[in-house]
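Dear colleague,

Please find below the structure that I am handing over to you. My notes on it follow directly after.

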Amino acid sequence: MDLGIKGRTALVCAASKGLGRGCATALAREGVNLVIVARTREPLEATAANIRKATGASVTTVAADVTKPEGRAAALQACPDPDILINNAGGPPPGDFREWARDDWIAALDANMLAPIELIKATVDGMIARRFGRIVNITSGSVKAPIQNLGLSNGARSGLHGFIAGLARQTVKHNVTINNLLPGPFDTDRLRQTLDHMAHTSGKPIDDVVAARKGAIPAGRFGTSEEFGHACAFLCSAHTGFITGQNLLMDGGLYPGTY
Ligand code: NAD
């Protein structure tokens with residue numbers, strides 16, 4: 001299937017590793033020109049080189065923190081008029097809400113709610129004027145089924161979802177769609193760190209922790225960044241102008257509900 005986005009430009013945040021990298025790679029395979037952002041220069045350049053070699057796509061890098069105003073300004077200077085915006089950043093730390101102070105909440109809101117909203121604010125009117133835009137926010141399955149020790153994530157990301165639900169219905173008549181991709185357990189550095197932490201705190205061997213986690217997923221495995229990227233590229237395609245304000249859960253069947 002030709003996704004019909006060859007020659008478009010995408011700004012992909014937090015794209016040197018994991019899910020962001022999967023999205024960037026899948027878009028590059030469709031002939032999309034990329035501007036990819038991550039905080040640390042070296043892995044970012046390595047990823048850019050890898051994507052260029054694998055796909056022949058044009059890849060520009062910006063070493064910046066998208067949760068900071070100056071980081072977003074640098075990203076937007078390199079890519080002021082993206083056709084496609086993929087919002088992503090690291091998730092907040094786990095913990096007990098009794099230990100979180102106001103600053104912890106503000107940091108989570110900045111990273112996982114306000115940063116994507118600011119990037120949308122800076123780019124959506126250009127998309128509307130050009131009558132094409134695809135915005136995908138990488139959030140978490142925790143929005144649908146809260147994860148007990150990730151209250152900062154459950155809360156901050158739910159705020160983003162509430163805002164997007166309203167805005168997505170205002171932009172769609174201009175062929176600008178906004179959707180959320182909700183990852184369940186994907187085999188990335190982030191998941192491996194979480195599993196290592198679980199093994200450490202429980203005293204169980206890491207292999208047992210991994211086996212138990214996989215065993216709880218109906219698919220019997222973790223997701224891959226590649227398949228996450230393909231779903232993202234589909235949501236960014238020319239054929240999805242009638243899909244907006246949706247929350248696509250990718251979790252191998254883990255969420256047990258009918259709706
Ligand atoms: P990852 O650690 O594998 O990769 C994160 C990427 O984001 C890296 O390239 C890192 O450099 C970049 N990054 C992090 N913070 C950034 C910032 N402030 N500015 C710019 N770049 C930044 O993580 P991942 O598994 O790909 O997770 C991506 C998002 O999805 C996170 O918010 C995570 O909480 C969420 N998520 C992941 C899973 C999973 O199973 N992997 C599940 C649910 C939610």
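**Thr 47 and the ligand site**

Thr 47 sits in helix 2, which spans residues 41-55; helices are DSSP runs of H or I with at least four residues, numbered from the N terminus. This is a predicted model, in which local features need pLDDT of at least 70 and side-chain atom pairs count only at pLDDT 80 or more, while totals for chains, interfaces and linings use all residues. Residues are numbered from 1 along each chain as its sequence is written, and side-chain values use heavy atoms, with hydrogens and water left out.

Thr 47 counts as buried because its relative accessibility is 1% (buried means under 20% relative accessible area, with a 1.4 Å probe and protein chains only). Its side chain makes a polar contact (a pair of N or O atoms within 3.5 Å, one able to donate a hydrogen and the other to accept it) with the side chain of Arg 21, at 3.1 Å. A polar atom of the Thr 47 side chain also lies 2.6 Å from the backbone oxygen of Ser 16.

Ser 16 recurs at the ligand: among the 26 residues around the ligand, those that come nearest are Ser 16, Leu 19, Asp 65, Ala 89 and Thr 188 (a residue is near if one of its heavy atoms lies within 4 Å). Backbone N or O atoms lie close to ligand oxygen atoms at Lys 17, 3.0 Å, at Gly 184, 3.1 Å, and at Phe 186, 2.8 Å. The protein buries 91% of the 830 Å² that the ligand exposes when taken alone (Shrake-Rupley method, 1.4 Å probe). Helix 1 (18-29) and helix 6 (189-202) are the elements that give two or more residues to the shell around the ligand.

With kind regards

Key. Buried < 20%, exposed > 50% of the residue type's maximum accessible area, 1.4 Å probe, protein only.
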